[in-house]
Amino acid sequence: MCRQRVPLLAIVALLALASARGVAQASPRFRGAWTLDHERSDDIDAKINASIAGLNIFVRQVARPRLRATNVAYPRLIFSFDGNVGVDMPGYPSVSSPASGQPVFWHRRTGRPCAEMRRSCVVVTTTWEDQALVQTFRSEDGQRQNVFTVSPDGATLTMVVTMTSPRLPAPLVYRLVYTRPS
């Protein structure tokens, strides 16, 4: 039994080290402030309308404002990496979670930790997948995934948002493009 634990512990330690190296290598590319490039970004309202087109008119009237409230083109993003991955959106609650994929409860209106997934409290996970930073928010009625990538020259950050819910006839997918301020 003890012999089986040693290789298992070694594998876990190597995975943790590889994950830490991935964060250390990728985080400088993301770190700092980014400004929204409206012209290169998708029209979120048009994407919302396309996503809910299959709903009846009465349900669309309820779904549209709810989707607009949770899908905002943040004018500015600020990434920090101090043990956790922090994403600040001035004027909106900041999100901070470990890059290991460990889930945290986050209150979407206040940005504070909360005790359980309920109403405005969602579960947030953050992971690195290849060179992308993937942030997933799960709620009682669906999921939002933000996939952040930085261009090879480090000048452009792309955020692809995918929202899914059993209540939506099709996923809501849109792309926001950010540049480093001059």
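Leaving aside neighbours within four places in sequence, P98 is in contact with N84, V104 and T126, where contact means heavy atoms within 4.5 Å. P98 has its place in the loop between β4 (95-97) and β5 (104-107), the strands (E, at least two residues) and helices (H or I, at least four residues) being DSSP runs numbered from the N terminus. With a relative accessible area of 13%, P98 is buried; the word buried stands for under 20% relative accessible area, exposed for over 50% and partly exposed for what is in between, with a 1.4 Å probe and protein chains only. The C-alpha atoms of P98 and T125 are separated by 7.5 Å, although the two residues are 27 residues apart along the chain.

The model is a predicted one, in which local features need pLDDT of at least 70 and side-chain atom pairs count only at pLDDT 80 or more, while totals for chains, interfaces and linings use all residues. Residues are numbered from 1 along each chain as its sequence is written, and side-chain values use heavy atoms, with hydrogens and water left out.

The chain as a whole has three helices and ten strands, and along the sequence these follow the pattern α-β-α-α-β-β-β-β-β-β-β-β-β. Of its 182 residues, 37% count as buried. Among contacts between residues at least 6 apart in sequence, 45% join residues that are at least 24 apart.

The largest nonpolar core, a set of buried Ala, Val, Leu, Ile, Met, Phe, Trp, Tyr and Cys residues joined through side-chain atoms within 4.5 Å, has 36 residues. Those with the most contacts inside this core are F30, L77, F79, F148, L157 and Y178. For L77, leaving aside its neighbours within four places in sequence, the contacts include G32, A33, W34, V87, D88 and M89, and F148, L157, M159 and Y178 are also among them.

Two packed helices are described by the angle between their axes and the distance between the axes. Here helix α2 (residues 44-51) and helix α3 (residues 57-70) pack at an angle of about 140°, with their axes 10 Å apart; axes are lines fitted to C-alpha atoms, for helices over the stretch in contact, and angles run from 0 to 180 degrees between N-to-C directions. That angle makes α2 oblique to α3, since angles under 35 degrees count as roughly parallel, over 145 as roughly antiparallel, 65 to 115 as roughly perpendicular and the rest as oblique. In this pair, D45, I48 and N49 in α2 meet R64, L67 and R68 in α3. The residues of this contact divide into two nonpolar, one polar and three charged, where Ala, Val, Leu, Ile, Met, Phe, Trp, Tyr, Cys and Pro count as nonpolar, Asp, Glu, Lys and Arg as charged, and the others, Gly among them, as polar.

Three further residues can be described by place and accessibility.

| Residue | Place | Relative accessibility |
|---|---|---|
| C114 | loop between β5 and β6 | 21%, partly exposed |
| D130 | loop between β6 (121-129) and β7 (132-139) | 76%, exposed |
| P181 | segment after β10 (172-179) | 44%, partly exposed |

C114 and V104 are ten residues apart in sequence and 8.5 Å apart in space, C-alpha to C-alpha, while C114 is in contact with F105, W106, H107 and C121 when its neighbours within four places in sequence are left aside. D130 has a positive phi of about 60° although it is not a glycine. P181 and T35 are 146 residues apart in sequence, yet 6.1 Å apart in space, C-alpha to C-alpha; with neighbours within four places in sequence left aside, P181 is in contact with A33, W34 and T35.
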